[in-house]
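Work through the exercises below with the sequence and the 3D view open. Try each task before reading its solution.

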Amino acid sequence: MKTRNSQNAYNEETARHYISDDKPIISVSSEVETQYNWIDGKRTDEVTGYKLFFTQDGVNPFAVKFEKKPSLPPFLSEIKLDKLEAIEIRSNVYFRSEGVRVVK
């Protein structure tokens, strides 16, 4: 996802700028992706987080990072993201959340 403005830290206001509270968020992940730490171009066994993909009407699919391994929502289910935050870095937007809950 590309950015419109620039901020220096994750915050909920930036997330609300891109993701609407009024429209449902849909899970489009079929598996939880594990992210690893890389040192000198080589992957280590240190886990840095987990990633799931979601979409919303009018928004391209976007990735959300989680520190703790989230439960995988059913494909195309409506979900809510707990404490969704975003940061804008070099014209890109990155999202993180504390958890995911299935609504439907």
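Helices (H or I, at least four residues) and strands (E, at least two) are DSSP runs, numbered from the N terminus. The model used here is predicted.

**Exercise 1. Locate K23 and describe its surroundings.**

Step 1. Find the elements on either side: K23 is in the loop between α1 (12–18) and β1 (25–27).

Step 2. Classify its exposure. Partly exposed covers the range between 20% and 50% relative accessible area. K23 has a relative accessible area of 39%, so K23 is partly exposed.

Step 3. List its contacts. Leaving out residues up to four places away in sequence, K23 touches Q56 and D57.

Step 4. Set sequence against space. K23 and D57 are 34 residues apart in sequence, while their C-alpha atoms are 7.1 Å apart.

**Exercise 2. State which elements the chain contains, in what order, and whether its radius of gyration fits a globular protein.**

Step 1. Count the elements: there are one helix and eight strands.

Step 2. Write them in sequence order, which gives α-β-β-β-β-β-β-β-β.

Step 3. Compare the radius of gyration with the globule rule. The chain has a value of 14 Å, and the rule gives 13 Å for 104 residues; these are close, so the chain is as compact as a globular protein of that length.

Step 4. Add the box. Along the principal axes, the C-alpha atoms fill roughly 45 × 35 × 20 Å.

**Exercise 3. Describe how strand β4 pairs with β3 and with β7.**

Step 1. Take β3 (residues 42–56) and β4 (residues 59–66): they pair in the antiparallel sense over six bridges.

Step 2. Pick a position in this pairing. F62 in β4 stands opposite F54.

Step 3. Look at the turn. The hairpin of β3 and β4 has two residues between the strands, and G58 takes a positive phi near 85° there.

Step 4. Turn to β7 (residues 92–96), which pairs with β4 in the parallel sense over two bridges. In β7, R96 is the bridge partner of K65.

**Exercise 4. Compare D40 and S91: what are their phi values, where do they lie, and how exposed is each?**

Step 1. Read phi. D40 has a positive value near 55° in a residue other than glycine. For S91, also a residue other than glycine, phi is positive and near 70°.

Step 2. Place the residues. D40 is in the loop between β2 and β3, and S91 is in the loop between β6 (85–89) and β7.

Step 3. Classify exposure. Exposed means over 50% relative accessible area. D40 has 76%, so D40 is exposed. S91 has 37% relative accessibility and therefore counts as partly exposed.

**Exercise 5. Place T34, then find its contacts and its distance from V102.**

Step 1. T34 lies in strand β2 (residues 33–39).

Step 2. Its relative accessible area is 32%, so T34 is partly exposed.

Step 3. Not counting residues up to four places away in sequence, T34 touches V47, G49 and Y50.

Step 4. V102 is 68 residues from T34 along the chain, and their C-alpha atoms are separated by 21 Å.

**Exercise 6. Summarise burial, contacts and charge for the chain.**

Step 1. Of the 104 residues, 33% are buried.

Step 2. Among contacts with a separation of 6 or more, 54% join residues 24 or more positions apart.

Step 3. The accessible surface is about 7000 Å², and carbon and sulfur atoms hold 45% of this area.

Step 4. There are 16 positive and 16 negative side chains, and the centres of the two sets lie 2 Å apart.

Notes: Residues are numbered from 1 along each chain as its sequence is written. This is a predicted model: local features need pLDDT of at least 70, side-chain atom pairs count only at pLDDT 80 or more; totals for chains, interfaces and linings use all residues. Side-chain values use heavy atoms; hydrogens and water are left out. The radius of gyration is taken over C-alpha atoms; the globule rule is 2.2 Å times the number of residues to the power 0.38. Buried means under 20% relative accessible area, exposed over 50%, partly exposed in between (1.4 Å probe, protein chains only). Contact means heavy atoms within 4.5 Å. Accessible areas come from the Shrake-Rupley method with a 1.4 Å probe; for residues, only the protein chains shown count as cover. Lys and Arg count as positive and Asp and Glu as negative; His and the chain ends are not counted. The place of a charge is taken as NZ of Lys, CZ of Arg, CG of Asp or CD of Glu. Two strands pair if DSSP finds at least two bridges between them.
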